[in-house]
Amino acid sequence: MSRVHTLKVIAETLNQSNDLREMLQSVLEKLLEVTDLSTGWIFLTNEEPIYAFVADVNLPPALSWDEKKPMCEGSCWCLDKVWDGRLQKAVNIINCKRIEDAIDYEWGDTKGITHHATVPLIAGGEKFGLLNVAEPGKNEFTEDELDLLQSVSFQIGTAIKRTKLYEAQQTKAEQYSKLDEISRAIWKMNDLHLLPQHTVNHIGKTFNLDSLALLMKEEHALALRSVFREGQTTSIHKHYRISSDGKLDTTLRQPELQKDLGAFGLNLDDEAILLPLLIGEEWIGCLICSWDESHTPPIDADVLKALGDHVSLVLEKARLFERSRELALIEERNRLARDLHDSVNQKLFSLSLTARGLREYIKKMPQDETLEDSLAEIQSLSQEVVGEMRTMIWQLKPAGLEEGVIDSLKKYGESLGLTVHERIEGVGNIPRLVEETMWRVGQEALNNVHKHARIDEVYLCLQRRRKDILLQIIDYGCGFTVPASESEQQWSFGLSSMKERTEIMGGKMLVESVRNKGTTVTVQFRITDERGENNGD
C-alpha cells in the first residue's frame, strides 16, 4: 500500500471518534492492518513517572498476563527517553526492557517478538506519548518504514491534541453548567448565618472536591465560617487577626490559621487553591479548595474565577439584606417605642392618677372597703405596668449606647430598680457588633437578676485581658444549679438566646451559679486588632 494511501486511511480513522481511547485503539488496529505488522501498543505520558497504557493489539502472552500487568507497571527505556528528551523521532529499539524482563522472569511466550520500533507522539511541540510496533522475527525497521511511522505519529499527535482540546471544552461547558446550578441554589438565600455552610456544601458536592473552606471578613477579623471535608459540611465560627498590611495573602500565612486549615487537608504551600472573593478591588473573604487529582479533573481557571465572582455577589447581597433588615428593625423599634411612650404609657399613667383621685374622693363618702381595695389594686397594677412599659421602651430603643456599653447597662439596670456597681479595666474601642451583642446579653442578664435573683444589687465588670474583652454580670442572690455537662443543660429561652447571640459573633459565654451564693455570667470576645480597634469591612 502506498504511503499516501496509508496516511489517508489513518486520517479517516482518526476523524471517526472524539473519545481518546477509542480513537487510539481504532487507529492502532488500522495502522497494523495497512502496514502488515502484527503487534503494537500505545502509552500516553504525563510528568515522570506518570503514564497510561491505553491501546494494544495482539500482545504476546508474556506481556498480557494478569490483565496486562507488565505493560501497566514500572518504567522502560522508551519512556525514559521520552521524559529526558532523547526521543525526538521514530527509532529502532534494539533492546526492550519489558520483553527482556518477560524472558528473564519467565512471564510467558513472547511469540518471537524481540525488538520493536518506537515513535514519539508529538504535535505543536507537545509530547503526548509513545507508539510502539513489532513483528515476530523482525529485528530492524528500514528508514522508509520509520519515516512512515513518523508521519503517522504526527497525525496521531495532532488528533490527540484536538481531542484533548475538545474534551477540555466539554469539561468546561459541564463545569459552567454546574456553576449555574450552584448559583441558582445559593442566590436565593439571604440568611448570612446559614449561607456559608449552604455555599460550601453545594460547591463541594457539585464539583466533587476533597476539601473546601469559606473564610469571610467580619468587622475586625477574618472568620473561618464553614468547611467541606470528605462529603461532610461543618459550620465553624473561628476568628483570626487581619495582618497589619490588610492583605489577604499575608493574613492567611499566620501559623494558627495555617494549622487549622491543614487539619482539613488544605495546605496553601502544597496543592490547595486560593480563590479570593472580591467586591471591586476590596477582598471580603476567600475560598480555599483541594481535590484528589487522580480522580477529579481540576476546575478550569475561568470557571474558578466565575465561581469566585458568583459567591462574592451572593455574600454581598446577603450582607446588604442583613443590613437593610437591621435598619428596618431599628426603625420599627423606634416607631414602636415612640407609640408606646406617646400613647399606651401616657394612658396607663392617666389610669394610675384616676385611680388615686378616686381613692381620695371616696374617703369623704361612707366606707366601702371592697371599692377602696379595688381602686388600690388598680393603682398598684397600673404603676407596675408603667414601670414595665418604661423598661420595654428602653429595650426597644437603647439610647446612650454611644456612651459605652457599661454606662448603657448601668442606666438600664437602674431603670429596673437595681443598684449597679461598675468597674472598667483597660478597655479601648470595641467593634460595633461586639458592643451591641454585649448590650443585648447584658440586658437579658440584668432582667434575670431583677426577676429571679431576689436581690437588688448587681456588679458589672468590663475588662481587657491581652486580646480578649470580657463582660461579667455578677450578683450575690439566690443562684441556681447549673447542670454538670452542657449536653444536660436545659436553659431558659433567655439564657439560650444569650448564648446563641454570643456564639454567632464568635464569642463564648459561661454561666457559673451556686445556690444561695449568686450567679456570674461571663461573655468573652477575641479582639484581634492590636489596638483593640475595629478594622471595618
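pLDDT is the predictor's confidence in each residue, on a scale from 0 to 100. The model open in your viewer is a predicted one, and colouring the protein chain by this score is a sensible way to begin: the chain averages a pLDDT of 83, with 82% of the residues scoring at least 70.

Select next residues 485-490, where pLDDT stays under 50 and where the model has four contacts beyond four places in sequence. Moving on to residues 529-537, you will again find a pLDDT that stays under 50, although for this stretch the model has 26 contacts beyond four places in sequence.

Now turn to the sheet, and show its five strands, which form an open sheet in the order β2-β1-β5-β4-β3 with antiparallel pairing. Its edges are β2, residues 51-57, and β3, residues 91-93, each of which pairs on one side only. If you look along the sheet from strand to strand, neighbouring strands are turned by 25° against each other on average, with direction ignored.

For a closer view of one pair, select β1, residues 39-45, together with β2; these two strands run antiparallel and are joined over six bridges. Within this pair, display W41, which stands opposite D56 of β2.

Finally, add the helices that accompany these strands. Helix α2, residues 20-35, lies across β1, β2 and β5 (126-134), and runs at about 40° to β2. Helix α6, residues 143-187, also packs on the sheet, where α6 touches β1, β3, β4 (116-123) and β5, while its direction makes about 40° with that of β4.

Methods. Residues are numbered from 1 along each chain as its sequence is written. This is a predicted model: local features need pLDDT of at least 70, side-chain atom pairs count only at pLDDT 80 or more; totals for chains, interfaces and linings use all residues. Side-chain values use heavy atoms; hydrogens and water are left out. Contact means heavy atoms within 4.5 Å. Two strands pair if DSSP finds at least two bridges between them. Helices (H or I, at least four residues) and strands (E, at least two) are DSSP runs, numbered from the N terminus. Axes are lines fitted to C-alpha atoms, for helices over the stretch in contact, and angles run from 0 to 180 degrees between N-to-C directions.
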